[in-house]
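Me: Could you take a close look at the aromatic rings in this structure and walk me through how they pair up? I'd love a connected account rather than a list.

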There are 2 protein chains.
Amino acid sequence: MDDNQTGWREQGKPPTLFKRFAFGNYGQTRDFLDALAALAEETGQHPQNINFGTTYVNITLDAEDGKTMGEAERAFAARIDALAAGPG
Amino acid sequence: MDDNQTGWREQGKPPTLFKRFAFGNYGQTRDFLDALAALAEETGQHPQNINFGTTYVNITLDAEDGKTMGEAERAFAARIDALAAGPG
């Protein structure tokens with residue numbers, strides 16, 4: 001299922017949420033990765049996988065219960081989106 | 001070609017060097033990733049791709065000239081190995 005509103009794509013079984021973030025340069029990518037690490041530290045939630053190069057970061061989230069995507073995962077995804085939006 | 005001495009595997013065309021690093025917990029993984037970011041900052045060399053979860057980091061290095069693996073790439077790989085070995 002595509003979630004067109006947020007850009008996170010639910011796929012697989014057990015389900016995962018996937019999204020690709022693109023950046024203009026390595027500095028922006030680095031800032032996002034650092035913020036993401038701090039967020040994981042704060043929430044105790046960790047993406048299943050993070051795959052990055054100098055100008056992109058692909059993030060895969062798995063379900064906390066291993067079976068169903070729920071509010072916790074959607075909320076975590078939304079907080080990641082907020083990081084990519086920058087410090088405002 | 002497998003390079004059994006270092007654990008880095010040369011593969012593909014154009015060639016890349018690939019190695020998987022495994023860690024006992026997320027804290028160790030995080031320390032390695034932070035050290036890797038600092039190393040990239042210092043040398044100006046960036047892996048083509050870094051793919052990680054809570055307890056592993058897969059690193060792919062590409063050739064600086066896009067064609068041939070040389071001393072620069074081998075030296076960078078060796079410095080990454082040293083990071084994984086820890087601060088001593």
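Reply: Happy to! Let's start with two rings in chain B: B:F21 is buried, and B:F32 is buried as well. Please keep in mind that this is a predicted model. The ring centres of B:F21 and B:F32 lie 5.0 Å apart with their planes at 40°, so the pair counts as tilted. This pair joins distant parts of the chain, since B:F21 belongs to strand β2 (residues 16-22) of chain B while B:F32 sits in helix α1 (residues 26-43) of chain B, 11 residues apart.

Stepping back for a moment, there are 7 aromatic pairs over all chains. One of them is in chain A, where A:W8 and A:F21 meet edge-to-face, at 5.9 Å centre to centre and with 70° between the planes. An angle over 60 degrees is what earns a pair that name. Here too, distant parts of the chain are linked: A:W8 comes from the segment before β1 (9-11) of chain A, A:F21 from strand β2 (residues 16-22) of chain A, and the two are 13 residues apart. How accessible is A:W8? Its relative accessible area is 1%, so A:W8 is buried. A:F21 has 6% relative accessibility and therefore counts as buried; the cut-off for that word is under 20%.

The A:W8 and A:F21 pair also has company, because ring pairs tie A:W8, A:F21, A:F23 and A:F32 into a cluster.

Another ring worth a look has a charge over it. A:R20 lies over the face of A:Y56, 4.4 Å from the ring centre. In chain B, B:R20 lies over the face of B:Y56, at 4.4 Å from the ring centre.

How do the two chains relate? Chain A can be laid on chain B by a turn of 180° and a shift of 0.0 Å along the axis, with an RMSD of 0.0 Å. Such a relation is that of a two-fold axis. Within chain A, A:N51 has the C-alpha nearest the axis, 2.1 Å from it. As for the interface, 100% of the interface residues of chain A are also interface residues in chain B, so the copies meet through the same surface.

Finally, a word on confidence. The average pLDDT of chain A is 91, and 92% of the residues score at least 70. In chain A, confidence is highest in strand β3 (residues 49-53), at 98, and lowest in β1(A), at a mean of 93. The model as a whole scores ipTM 0.88 and pTM 0.90.

Technical notes
Residues numbered from 1 in each chain as written. Chains lettered and ligands numbered in written order. Predicted model: local features only at pLDDT ≥ 70, side-chain atom pairs only at ≥ 80, totals over all residues. Heavy atoms only, no water. Phe/Tyr/Trp six-rings, centres within 6.5 Å; stacked < 30°, edge-to-face > 60°. Helix = DSSP H or I, 4+ residues; strand = E, 2+ residues; numbered from the N terminus. Buried < 20%, exposed > 50% of the residue type's maximum accessible area, 1.4 Å probe, protein only. Lys NZ or Arg CZ within 6 Å of the ring centre and 35° of its normal. pLDDT = per-residue confidence, 0-100. Least-squares fit on C-alpha atoms with pLDDT ≥ 70 in both. Contact = heavy atoms within 4.5 Å.
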